[in-house]
Protein chains: 2
Amino acid sequence: MPKMVDHDAQRRAIASAAIDAIDEAGLDGARLKDVAAAAQVTTGAVTHYFDGKDAVLMAAHEEIMRRILDRQSDPLRGDLGEIAAAFLPLDDASRREWRVWLAFCGRAVVNEDLRARHKAYYRAIVERVAERLVAAQRHRVSMARARRQADAVIAAIDGVGFRATLEPEDWPPARQRAVLRMLLEPALEEDEIV
Amino acid sequence: MPKMVDHDAQRRAIASAAIDAIDEAGLDGARLKDVAAAAQVTTGAVTHYFDGKDAVLMAAHEEIMRRILDRQSDPLRGDLGEIAAAFLPLDDASRREWRVWLAFCGRAVVNEDLRARHKAYYRAIVERVAERLVAAQRHRVSMARARRQADAVIAAIDGVGFRATLEPEDWPPARQRAVLRMLLEPALEEDEIV
């Protein structure tokens, strides 16, 4: 039987390993051999799938975006406060994603390609959240209005998650949730979303 | 007359020049000679005041923190929404500070020293904002309650400023202010702050 390797699955496994390597050593410090070690493959295997370190980093960025969007497409149950809270860095896996995500945001400041990817990602997130908000408001609001609400919801998540990522010991889940609720509850209450 | 150079003023001028150099080339890309050129001094003058590039970067970080805190100590007039909005990246100077600040945050993820400085800075900001909130609520709230409100105000500013920094062309001042107001107005209205 021929050896069948799922090309996309292998690329994604390496991208996931790159997230771990970046979390360990930073965007600059992470080396291809660290990524290979984390993926339990040879460095040659990494360079077989990717054209060097920058390509691996971009794949790691895409993998994080995909994970967050995948989480968004889960059945969105509960009130909006709970749904929004689910995106905060509340457990080890999401804390790691936030750390690596923040490292990419810092680099995006001077990297136009990363900024373009970042923007496309936020556009997709805004659409998802806005659709959810339209449904929650029983289609009594326009998508344009819901997009503005989504901007506010996403800014609240980013602001809380950003702080919790850099001060993890002082921002346990309960504190993150409480501050997010302070921002979202009154803003959305009038529309009967929370 | 002997040449009198104000040591602190000179260090601060170099730190300011470093902010410009970092904004141009990123934390990794900025070289001492770029900092020197921006400060209109020799590279030797830079190394006279600082022990190498890391020291210059730390001074740039401190300079940004100081600028933001200095802005906070201006007489805080107007409603809280206006005061909070003043911290957003609304003009060229503040947009530059946000970009460099975000670059530092990205690096803080893997740099314990930067994280400690970041945390001390946020603690100072929270105190300033909380004092303002206590005064605005005519001392009818405790500092503990006001600190929680300050956490929310700062998270809203960070969330909006973060997005506007990475998508400047789509986030003109009016959009930033509108989203900030959506988050802050209802949250603080009940306490008669805005």
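Start by selecting helix α6 of chain A: 13 of its 17 residues are buried, so the helix is largely enclosed by the rest of the structure. Keep in mind as you go that this is a predicted model. With α6(A), residues 92-108, still highlighted, put a distance between its first and last C-alpha; you should get 24 Å, close to the 24 Å expected at 1.5 Å a residue.

**Next stop: a short walk along α2(A)**

Select residues 32-39 of chain A, which form helix α2. Which of its residues are buried? Colour A:Val35, A:Ala36, A:Ala38 and A:Ala39 to see them. Now turn the view to look down the axis of α2(A): these buried residues fall within an arc of 165 degrees, so they line one face of the helix. Residues three or four places apart on an α-helix point the same way, because there are 3.6 residues a turn. Just after the helix, click on A:Gln40 and check its backbone: phi is positive there, near 55 degrees.

**Then: the two domains of chain A**

Give two colours to chain A, one for domain 1 (1-62) and one for domain 2 (74-194), following the domain assignment. Where they meet, seven residues of domain 1 are in contact with eight residues of domain 2. On the domain 1 side, look for α1 (7-29) and α4 (53-73), each of which supplies at least two residues. The largest share there, five residues, belongs to α1(A). By character, this side of domain 1 divides into four nonpolar residues, two polar and one charged.

**Now bring in chain B**

Show both chains together. How many residues of chain B are in contact with chain A? There are 33, and they meet 33 residues of chain A. To find the chain B side, select α1 (7-29), α6 (92-108), α7 (112-136), α8 (143-166) and α9 (173-189) of chain B, the elements that give two or more residues to it. Linger on α8(B), which gives the most, with ten residues. Colouring this side of chain B by residue type brings out 19 nonpolar, five polar and nine charged residues.

**Last stop: the symmetry**

Finally, superpose chain B on chain A. The operation is a rotation of 180 degrees with 0.0 Å of shift along its axis, and the RMSD is 0.0 Å. That is the relation of a two-fold axis. Return to the contact residues with this in mind: 100% of those in chain B recur in chain A, and the same surface serves both copies.

Note on methods: Residues are numbered from 1 along each chain as its sequence is written. Chains are lettered from A and ligands numbered from 1 in the order in which they are written. This is a predicted model: local features need pLDDT of at least 70, side-chain atom pairs count only at pLDDT 80 or more; totals for chains, interfaces and linings use all residues. Two residues are in contact if their C-beta atoms, placed from the backbone, lie within 7 Å. Helices (H or I, at least four residues) and strands (E, at least two) are DSSP runs, numbered from the N terminus. Ala, Val, Leu, Ile, Met, Phe, Trp, Tyr, Cys and Pro count as nonpolar, Asp, Glu, Lys and Arg as charged, and the others, Gly among them, as polar. Domain bounds come from an automatic or database domain assignment. A residue is buried if 20 or more other C-beta atoms lie within 10 Å of its own, exposed if 12 or fewer, and partly exposed in between; C-beta atoms are placed from the backbone. The arc is that of the directions from the helix axis to the C-beta atoms. Copies are superposed by least squares on the C-alpha atoms of residues with pLDDT of at least 70 in both. The expected span of a helix is 1.5 Å times one less than its number of residues.
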